[in-house]
Amino acid sequence: MSTLTLCFRLNGAEVTREIPTSAVLAELLREEFGCTGVKLACSRAVCGACTVLLDGVPVAACATFAFRAEGAEVTTIEGVAEEDPVRRAFAEHSAFQCGYCTPGMILLAKALLARNPAPTREEIAAWMSSGLCRCTGYQMILEAVEIAARAGASA
Amino acid sequence: MMRVAGGLVAASQYALPPFVLHRPTTVEEASRHVAAGAVALAGGTDLVAQIREGLAIREVADLSQVRGLAGVSLAGGTLRIGAGTTHAEGAADPALRAALPGLAEAWGRIATARVRFTGTIGGNLMAGRPRYEGRLLFGTLGALLRFADGTTLPAERLAGEASRHRLLTDILIAGPERLLFRYERALRPMMTLALCLRREADGRLSGRAGIATERLAPAFLPLPELRAPAAEAEAAAAAAFAALPRDFADPMSGNAWLRAAGHATLARALKAIAA
Amino acid sequence: MSGPLRADALEKTTGRALYTADIRLPGMLHAKVLRSRVAHGRLVRIDATKARAMPGVHAVLTREAIEPGTVPFYGYFIKDQPIVALDRVRYEGDILAAVAAETEWQAAQACAAIEVEIEPLPPVPTIEAALAPGAAELFPEPPIGMVPHYGEGASAVARPEPNVCFAFRYRMGDAGAFAECDHVFEDEFRFSRMHHLHLEPFVSVADCSRGRIEIWSSCQNPFPLRKEIARMFRVPENRITVHVPYIGGGFGAKNNCKTEPIAVRLSQMTGRPVRFCLTMEEGFLTNTQHAAILRLRTGVTRDGTLVARQAEILLDAGAYSDASPLVAEKAGYRAPGPYRWRHVDSLCKCVMTNTAPAGPFRGFGGTQAAWASESQIDMIARRLGMDPLEIRLKNALSLGEPYMPGESGIDSDLGAGLRLVADRIGWRSTNRQPNRGLGIALGFKDGGGVNKPAQARVKVSTNGDIFLHCGTVEIGQGARTALAGIVARILGAPAHRVAVAPIDTDSVPFDQGTNASSGIAVMGQAVAQAASRVRAQVLEFAAEMLHASPAELALEDWHAVRGEERVPLAPLVMRHFGGTGFEFSAEGFFKARHDPRAPLETPCVFWEIGWAAVEVEVDRETGRVSVPRLVVSGDAGRALHKAACRGQDEGAAIMGLGQALFERMVYDGTTLLNGEALEYRAPLAEDLPAEFVSITQEQGHGPGPFGAKGLGEGAMLPIAAAVANAIEDAVGVRITELPITPERVLTALQARQGRSP
C-alpha cells in the first residue's frame with residue numbers, strides 16, 4: 001500500500017485523513033490541519049523546532065512518518081491552552097526572541113514537567129538541550145521552565 | 001535530492017518519494033520483508049533523514065506492531081536486549097541497571113529527549129552512522145548481534161550496508177555480572193571513549209577500549225591484562241593506544257590529539273572504574 | 001511577571017505568529033534549484049529539455065531564460081552574483097538552474113533531470129591559495145561595482161589585485177610614531193567561519209501574476225531589497241511590494257537578495273505565485289561569516305601606553321562579494337579598538353575563494369577585529385608585565401572622547417564597564433586554583449549603520465488607538481515592543497494601545513534596514529519624532545477646542561488633562577471632524593548629519609560596547625577548556641524593555657562562546673564537510689557556564705529616545721578573546737586561532753613543554 005487512512009486525535013479532536021505512506025507528520029499537521037505552529041528548521045530531528053507530543057512523548061514531527069500517529073493523541077502548540085503555566089512562563093519571562101523555536105521548546109518543557117514536576121536546574125538544562133535556540137542563549141528559557149514548575153505545570 | 005560537498009543538500013524540507021508500506025506483526029513476517037529489500041523502520045527517528053540524504057527506498061517494513069522485539073531479560077547468564085527496546089526503556093530497565101549499571105547510565109545519555117523515547121537500539125545500530133553511539137557501546141562490551149535468520153555478528157564488526165537485508169532481533173551480552181563498563185563523552189563530538197573490563201575467575205581483568213568520533217566508526221583497542229587497574233592505568237592506556245591506527249583521524253580531530261586525549265581519558269576511566 | 005510582556009509574547013507562545021515560511025497563496029508553485037558539485041568551472045552546456053517535460057513542472061530557469069534587457073546580477077557594492085550560473089560556477093552549491101513545479105518533490109525531480117556540462121577550472125579554496133602568484137581568478141573580468149566616497153583618513157579600491165574584490169584602508173596620524181615606541185609587537189590571528197544558523201530558512205514567496213511584483217520575504221531590509229529587484233528586473237519601485245512578516249532569526253544573513261530573484265523570475269515565467277524555501281543544508285551554502293587572517297603590528301612605550309597600530313586583515317569573502325566590502329570597511333575601521341592612538345594604518349582586503357559567499361554576520365567585522373585586537377592587547381600586557389585590566393583602563397578612550405578625528409565621542413564609560421565585569425568575576429582575588437584562569441576583554445563597534453536614514457509614521461484614531469508604521473522588522477530583538485513603548489510613553493498611553501502595523505513597502509515609510517543594531521538609536525529617533533509631532537497636533541487641537549494653550553495641557557490615556565480636569569478626546573474629535581472621526585498622523589525622520597571630516601560619511605550614531613570577564617578551566621591532558629563562569633555586559637543607555645535587552649546580551653554572548661570553543665564550518669578544500677544540523681555543532685543549553693551572569697548597564701549617554709542606544713551585537717564581540725586571554729592566564733599558552741579546540745590547546749601545551757605533539 002502506498003496510501004492509507006489515518007485516524008488520530010489532534011489537540012483533543014478526532015481526525016481522519018487519507019495520506020501517502022511517505023507523508024511526514026509535520027507536513028500533515030501544517031498543510032492539512034493548518035498547525036503552522038509546528039515549525040520546520042533542520043528537517044532532520046536535531047533542532048527541535050517541530051517538536052510535538054505523541055501520546056505525551058516529545059517527537060520530531062519533521063522526521064516522524066505521519067502513519068505513526070495512528071490512534072495516538074497528537075498535541076501541537078495549538079493545543080496548549082493560553083492559561084497553560086508553561087506557555088505563560090515563556091511569555092511572561094520573555095523566554096523567546098524570534099519565536100521560531102518557541103513552540104517546540106514549550107512542548108519539550110511540558111514533556112519534562114509531566115515526567116519530573118520538580119526538576120533541578122541541571123535536569124532542565126540536560127532535557128532542554130534537545131532544543132536549539134539561536135537567539136536567547138538559553139538562560140531565560142531554563143528560568144521559564146523553573147517558573148512553570150513552581151507554578152505547578154505538571155498538573 | 002542530492003549531495004553537494006561532504007555535507008548534504010536535501011532539496012526539500014519534507015517532500016519524500018512515495019513507498020510501499022508493510023506492517024508486519026511477527027518477526028518472521030518482518031524478516032521476510034527485510035530480506036526482500038524493504039527497509040526496516042523501528043523507532044523511526046532516522047529514516048526520514050536518510051531518505052532526505054538520498055537513500056532510495058521502494059518498500060518500508062514498519063516494525064512497530066511486531067511482537068517480541070522489545071525488552072530486556074537476563075537468563076542463563078546472558079543479558080538479552082531486544083532490538084526494539086527504546087533508549088529510554090533500556091536505560092531505565094531494572095534488570096539492566098542491576099546487571100550492568102555502567103551501560104544503563106551510558107545508554108541514558110545518548111541522543112536527545114525526543115529520540116530517547118522512540119529511537120530503538122536496533123535502529124541506532126543498523127542506521128550505520130558513526131556518530132550514533134550504539135556500536136561503540138556494544139562493540140566495546142563484546143556484545144553479539146542476533147538476526148532473525150539465526151545468524152549472529154559481533155557488534156564491533158557491524159557495517160551498515162552488509163547487514164541491511166537482515167532483521168536484527170536482539171543483542172546478547174554474556175556474563176554481564178563479570179563486566180565493568182564506563183563511557184566517557186565529555187569530549188564529544190570530537191571524541192568518545194568506552195571501556196569494558198571482564199573480571200576473570202582468578203581476579204585478573206581483561207578488556208578493551210573503544211574510541212570513536214562523529215565521523216569515524218569506532219576503533220577497538222585491546223587492553224593488557226590487569227590486576228590493579230588504578231596502578232596500571234597509565235601503562236595500560238599507553239599499550240592500548242599503541243594499537244590505534246595512524247590513519248584514525250578526521251578533519252576535526254587529528255590522530256596525534258585523538259591518541260593523546262584518548263590515552264588520558266582511558267587512564268582516567270581505568271582509575272575511576274577501579275574506585 | 002518578569003517586567004512587562006513583550007508585544008509579540010502571545011502570538012509567539014501560541015504558535016499563531018506568522019512567518020514567511022507559513023505563507024501560502026492560491027495556485028502557488030514551489031521552486032527548487034540545481035546546485036553545482038564543481039567548485040570552479042566553466043559552464044559549457046546546460047540542457048533542461050527533459051526537465052521541462054516532467055510531471056508538474058511549469059518552468060525551468062536556466063541562463064537562456066533570463067529576459068533580455070534585465071540585469072541578472074545582484075550584490076551590495078559589487079553586482080557579481082548571477083540569478084543562475086551564466087558562464088561559470090564558483091563554489092560547490094552555486095545555483096545552476098531553478099524549477100517551478102506543483103510540488104517541491106516534482107521540482108526536485110526535475111532539477112535532477114537537467115543535463116549539465118562543466119569544464120573544471122583550478123579550485124581556489126583558501127585566502128592563501130587565492131593570493132598565490134598565478135592563482136586562477138574567479139572574476140577575470142571585473143564585475144560592475146562602486147566605491148563609496150569616504151571622509152578623512154578612509155579610502156577604498158575596487159579590485160586592487162587578482163581575487164581581491166575590494167580593499168578598505170584607514171589611516172590616521174604619522175607613521176613615524178612607531179619610531180618613538182619602546183616595543184613593537186607583531187602577531188597573527190586566525191578567525192574561523194560560522195554559519196548564522198537562523199532557524200527559519202531563507203524563504204520567499206513571489207507573485208507576479210497581476211502586473212506587479214509582490215514578494216513576501218524573510219528579509220531584514222525590505223526597502224533595499226525592493227530597490228535591488230527593481231534594478232534587476234527593470235520594474236519601477238512603485239510596482240513592487242515587499243511584505244515582511246515575523247522573521248525566524250537572521251543574525252545578518254537575511255539582508256538583500258537571497259531566494260527572491262529566483263522566486264520572482266519563476267513567477268514571471270509561470271504567471272503563478274512561487275514559493276522558494278531553502279533547506280537548512282542549503283542555508284549553509286547561501287551565506288556565512290567571514291573567516292579571516294589578521295596581522296597586527298602594535299607599538300607601545302614601556303609604561304604600556306599604546307602608540308601606533310598597523311593592521312592587515314584578509315577576509316575570506318567566498319565566491320561572491322555579497323556584503324564583503326561593507327564588512328571590510330568595518331573590520332578595517334574597528335581594528336584599533338576603543339583606545340587612544342597616535343597613529344593607525346589599517347588595511348582590509350576581501351579575498352574571493354571558491355567557497356560559500358560570506359556576508360553580514362552579527363558583529364559585522366567587529367568580531368574579527370575584536371578577536372585579534374583584544375587578544376593582542378592582552379599579550380602586550382603580559383609581555384610588559386602589566387595587568388591586562390590595567391592596560392585597558394590606561395588606554396581606553398574616555399567618555400565623550402572621539403574615536404578617531406572627525407568622529408563622534410564614545411558614549412559609554414568604558415572603564416566603568418571594565419571594572420564592573422572585573423569585580424563580578426573576582427579579578428583581584430588571590431585565591432587561584434590550578435589550571436584555572438581569568439580573562440577580560442572589551443568589545444566595541446560603531447553602531448547604527450553608515451549614513452543610514454529612517455522614517456516612521458504614527459497615527460491616532462478617533463478613539464485613541466495608536467498605529468506605528470515603520471520598516472524595522474521584528475526578528476526576535478524586540479523591536480516592536482521597544483518602538484511601540486517609545487510611542488506610548490510620548491503619547492501618554494498604555495503600551496497596549498499601540499499596534500505596530502504589518503510591514504509592506506507601499507504603506508510603511510522608508511527604512512534602510514534592520515541591521516547594525518540601529519533599531520533604537522536610528523529608527524527610535526524617527527519614531528520618537530513622529531510621536532512627538534502627533535502629540536503636538538493633538539494638544540493643539542485640544543487646546544483650540546478647550547480654549548486653552550497647548551502648554552497648559554497634558555496627554556494621558558487619550559484625555560486632555562489640565563490640572564484636575566480630564567477631558568476625553570474622542571467626543572471632541574467627533575464634534576470637530578464629524579461622527580466618522582479622524583486620524584491624527586505625523587511622520588518622523590532621522591539620519592546622522594553628513595560630515596566630510598567623518599571617516600565613514602557621518603559621525604557614528606552610537607558606540608556599541610560589550611564587556612566580558614570569564615573564568616576557564618583547562619584540562620592539561622586533553623586540552624579541553626571548560627567555562628565555569630562568564631560575566632557579560634552591554635550598555636543599553638536606557639533599557640526600553642529590560643528582559644529583551646538581557647536576552648540580546650545573553651544570546652550574543654553564547655553565540656560568541658560557540659565561536660570561541662567549537663563552532664565552525666569545516667572545509668576540506670572547497671568542500672564543506674559539516675553543512676547540516678547534525679554535524680554543525682552550535683551551543684545548546686548544556687553548554688552554558690555554570691555561572692552565567694549578564695548585566696544590562698544603563699549609563700544613559702545614548703543618542704536614542706530617553707538616552708537609549710542599541711545592543712545585541714556588542715556582547716558577542718569580546719567573548720572569544722576573553723576566553724583565549726583566560727587560557728593564557730590558566731596554563732600559559734596563547735591560542736591565536738579560532739575555534740579554541742582541545743586539539744589546539746593540547747598542541748600548544750605540548751609545544752610549551754618542549755615535546756612534539
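How many residues of domain 1 of chain B are in contact with domain 2 of chain B, and how many of domain 2 touch back? It's 12 residues from domain 1 and 15 residues from domain 2. Keep in mind that this is a predicted model. Below is a quick tour, going from the domains of chain B to its contact with chain A, and then to some strands and helices of chain C.

**Domains of chain B**
- Chain B splits into domain 1, covering 72–176, and domain 2, covering 185–274.
- Taken over C-alpha atoms, the centres of these two domains of chain B are 21 Å apart.
- On the side of domain 1 of chain B that touches domain 2 of chain B, you'll find 4 nonpolar, 3 polar and 5 charged residues.

**Where chain B meets chain A**
- Chain B puts 21 residues into this contact, and chain A puts in 29 residues.
- On the chain B side, the elements giving two or more residues are β1 (20–22), α2 (47–52) and α6 (113–118) of chain B.
- Of these, α6(B) supplies the largest share, with 5 residues.
- Sorted by class, the side of chain B that touches chain A has 13 nonpolar residues, 6 polar ones and 2 charged ones.

**Strands β21, β30 and β31 of chain C**
- Strand β30 of chain C (residues 606–618) has 12 of its 13 residues buried, so the rest of the structure largely encloses it.
- β30(C) runs antiparallel to β21(C), and 12 bridges join the two.
- β30(C) also pairs with strand β31 (residues 625–635) of chain C, again in the antiparallel sense, over 8 bridges.
- C:Ala612 is a handy residue to click on: in β30(C), it is the bridge partner of C:Ala441, while its own bridge partner in β31(C) is C:Val632.
- β30(C) and β31(C) form a hairpin with 6 residues between the strands. In that hairpin, C:Gly623 takes a positive phi near 85 degrees.

**Helix α10 of chain C**
- This helix spans residues 388–395, and its buried residues include C:Pro388, C:Leu389, C:Ile391 and C:Arg392.
- Look down the axis of α10(C) and the buried residues fall within an arc of 165 degrees, so they line one face of the helix.
- What do those buried residues of α10(C) pack against? Their neighbours are α9 (366–384), α11 (414–425), β21 (436–447) and α16 (719–731) of chain C.
- β21(C) therefore turns up twice in this tour: α10(C) packs on it through buried residues, and β30(C) is joined to it by 12 bridges.

**The sheet of three strands in chain C**
- This one is an open sheet with the order β26-β27-β28 (chain C) and antiparallel pairing.
- β26 (554–556) and β28 (565–568) of chain C are the edge strands, each pairing on one side only.
- From one strand to the next, the twist averages 30 degrees.
- Strand β27 (residues 559–562) of chain C is joined to β28(C) by 4 bridges, with the two running antiparallel.
- Within that pairing, C:His559 stands opposite C:Pro568 in β28(C).
- Helix α13 (residues 518–546) of chain C packs on the sheet and touches β26, β27 and β28 of chain C. The direction of α13 makes about 105 degrees with that of β26(C).
- Helix α14 (residues 569–577) of chain C lies across β27 and β28 of chain C, at about 50 degrees to β28(C).

Notes
Residues numbered from 1 in each chain as written. Chains lettered and ligands numbered in written order. Predicted model: local features only at pLDDT ≥ 70, side-chain atom pairs only at ≥ 80, totals over all residues. Buried ≥ 20, exposed ≤ 12 C-beta atoms within 10 Å, placed from the backbone. Arc of directions from axis to C-beta. Contact = placed C-beta atoms within 7 Å. Nonpolar A, V, L, I, M, F, W, Y, C, P; charged D, E, K, R; others polar. Pairing = 2+ DSSP bridges. Domains from an automatic or database assignment. Axes fitted to C-alpha atoms, helices over the stretch in contact; angles between N-to-C directions.
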